[in-house]
Amino acid sequence: MLIDRLEQTRRLTFEEYLQLLTGFTPQLAEYAADKALRVREAVYQRDVYVRGLIEVSNYCKNDCLYCGIRRSNKSCDRYRLSKEDILFCCKEGYELGMRTFVLQGGEDPYFTDQVLVDIVSTIRKEYPDCAITLSLGERSRDSYEALFAAGANRYLLRHETADEKHYGVLHPKEMSFSNRMKCLKELKEIGFQTGCGLMVGSPGQTMETLAEDLFFIQEFQPQMCGVGPFIPHRDTPFRDSPAGSGELTCYLLSLVRLMHPTVLLPATTALGTLDKDGREKGLRAGANVVMPNLSPMAVRKKYELYNDKISTGEESAQSVKAIRKRIHDCGFDMVIARGDILEA
Ligand code: 5AD
């Protein structure tokens with residue numbers, strides 16, 4: 001069976017991935033999830049790593065058709081956090097047991113290299129035992145190098161789709177698939193633990209484009225991989241498109257775990273938004289990371305990539321406590337650790 005071969009060899013051809021995808025059934029997904037859970041346990045036991053997500057800005061110069069903070073969304077109430085705001089979030093996160101901070105935001109021209117290097121080096125100095133992850137979109141190689149030198153360790157940049165034509169369906173003309181891929185390659189070369197990823201069920205996605213995603217992940221060997229369902233946002237051109245499937249998302253998580261046993265794989269907020277038990281289902285399918293929100297209460301609702309995002313109404317401490325309990329209730333442990341990728 002193909003799933004067994006994926007587990008053993010960790011490599012399949014595009015056609016074989018396509019066969020695994022078109023052959024999706026709940027039974028096959030359960031089979032894959034069981035195996036993925038065992039593979040994950042062999043590397044990470046029952047540990048779940050926690051990352052404090054700080055949404056630094058919802059200004060964005062891009063106009064991605066799926067995203068609620070795209071520049072042409074005039075109803076988006078824009079904000080950006082100050083250095084002090086960000087440091088306050090880190091302090092709160094540290095006290096809650098987090099040892100990774102993720103600074104995520106739209107491509108906001110305010111965050112020049114100078115501004116970011118100052119913020120990153122201050123966090124590096126104040127929290128020497130923590131990892132700093134950036135998720136700030138496409139930047140120049142020089143910029144990535146400066147941020148790495150300032151003390152950032154990881155960078156998340158979802159590839160969104162590994163199919164160039166499909167990339168064109170999701171993005172405005174001025175954005176390019178080749179630049180996305182160039183950024184990912186450079187990030188890895190520079191030495192960042194690099195994360196790619198995709199939305200499941202994005203408009204125009206097919207089993208073929210998903211097979212390309214799996215094949216790309218196999219070849220790129222990212223340290224992290226974000227896989228969450230597409231969820232429509234009312235103020236985007238994709239407002240009437242259906243959300244992606246939670247079951248298919250979990251199946252993909254399992255396949256990614258099987259091809260890449262050590263990868264850091266979050267049970268995403270989007271999966272938890274689509275289904276109230278989504279994050280638990282993600283963990284049981286092979287995910288090993290959760291990313292609770294540390295952003296200040298006042299801005300939570302404004303960082304709306306998709307509608308009805310969860311935990312926009314609760315304090316960080318509250319949501320971390322709730323997540324810890326939920327993780328524990330499904331048999332995992334939320335650990336206090338940087339949670340770097342482990343060697344196979
Ligand atoms: N639904 C789900 N995920 C989305 N993202 C952006 N918009 C949406 C949406 N409508 C994801 C993208 C991006 C990440 C930060 O959030 O994959 O890379």
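A residue counts as buried under 20% relative accessible area, as exposed over 50%, and as partly exposed in between, with a 1.4 Å probe and protein chains only. Strands here are DSSP runs of E with at least two residues, helices are runs of H or I with at least four, and both are numbered from the N terminus.

This is a predicted model, where local features need pLDDT of at least 70 and side-chain atom pairs count only at pLDDT 80 or more, while totals for chains, interfaces and linings use all residues. Residues are numbered from 1 along each chain as its sequence is written, and side-chain values use heavy atoms, leaving out hydrogens and water.

**Stop 1: strand 4**

Select residues 131–135. This is strand 4. Five of its five residues are buried, so strand 4 is largely enclosed by the rest of the structure. Now show the side chains. Which residues point one way, and which the other? A131, T133 and S135 point one way, and I132 and L134 point the other way. In a regular strand, side chains alternate between the two faces of the sheet.

**Stop 2: the six-stranded sheet**

Zoom out from strand 4. An open sheet of six strands has the order 2-3-4-5-6-7, with parallel pairing. Its edge strands are strand 2 (52–57) and strand 7 (224–229), and each pairs on one side only. From one strand to the next, the twist averages 20°. Two strands pair if DSSP finds at least two bridges between them. Strands of a sheet pair through backbone hydrogen bonds, either parallel or antiparallel.

Add residues 100–105, which form strand 3. Five bridges link strand 3 and strand 4 in the parallel sense. Pick V102: its bridge partner in strand 4 is T133.

Next, select strand 5 (residues 154–156) and strand 6 (residues 193–200). They run parallel and are joined by three bridges. Click L156, then G195 in strand 6: the two are bridge partners.

Now show residues 177–190. This is helix 8, and it lies across strand 5 and strand 6. Helix 8 runs at about 150° to strand 6. Such angles run from 0 to 180 degrees between N-to-C directions, and the axes are lines fitted to C-alpha atoms, for helices over the stretch in contact.

**Stop 3: R99**

Select R99. It is in the loop between helix 4 (83–95) and strand 3. Is R99 buried or exposed? It counts as buried because its relative accessibility is 14%. One polar atom of its side chain lies 3.0 Å from the backbone oxygen of Y94. Beyond its neighbours within four places in sequence, R99 is in contact (heavy atoms within 4.5 Å) with several residues, including D129, C130, I336 and R338. A131 of strand 4 is also in contact with R99.

**Stop 4: the three-stranded sheet**

Select residues 47–50 for strand 1. An open sheet of three strands has the order 8-1-9, and its pairing is parallel. Strand 8 (289–290) and strand 9 (333–335) are the edge strands, each pairing on one side only. Helix 14 (residues 316–329) packs on this sheet and touches strand 1, strand 8 and strand 9. Its direction makes about 135° with that of strand 9.

Strand 1 and strand 9 pair over three bridges. Label D47: D333 in strand 9 stands opposite.

**Stop 5: L265**

Go to L265, in the loop between helix 10 (246–259) and helix 11 (269–274). L265 counts as buried because its relative accessibility is 0%. Now select V289. How far apart are L265 and V289 in sequence and in space? They are 24 residues apart in sequence and 5.7 Å apart in space, C-alpha to C-alpha. L265 touches V289, and its other contacts include C225, L253 and N288.

**Stop 6: D4**

Select residues 2–9, helix 1, and find D4. D4 counts as buried because its relative accessibility is 17%. The side chains of D4 and Y31 are joined by a polar contact of 2.7 Å. A polar contact is a pair of N or O atoms within 3.5 Å; within protein, one must be able to donate a hydrogen and the other to accept it, and residues adjacent in sequence count only if both atoms are side-chain atoms. D4 also touches K35.

**Stop 7: the ligand**

Finish at the ligand. Among the residues around it are Y66, Q104, R158, F230, I231 and L305. To be listed, a residue needs a heavy atom within 4 Å of the ligand. A backbone N or O atom of I231 lies 2.7 Å from a nitrogen atom of the ligand. For Y66, a backbone N or O atom lies 3.0 Å from a ligand nitrogen atom.
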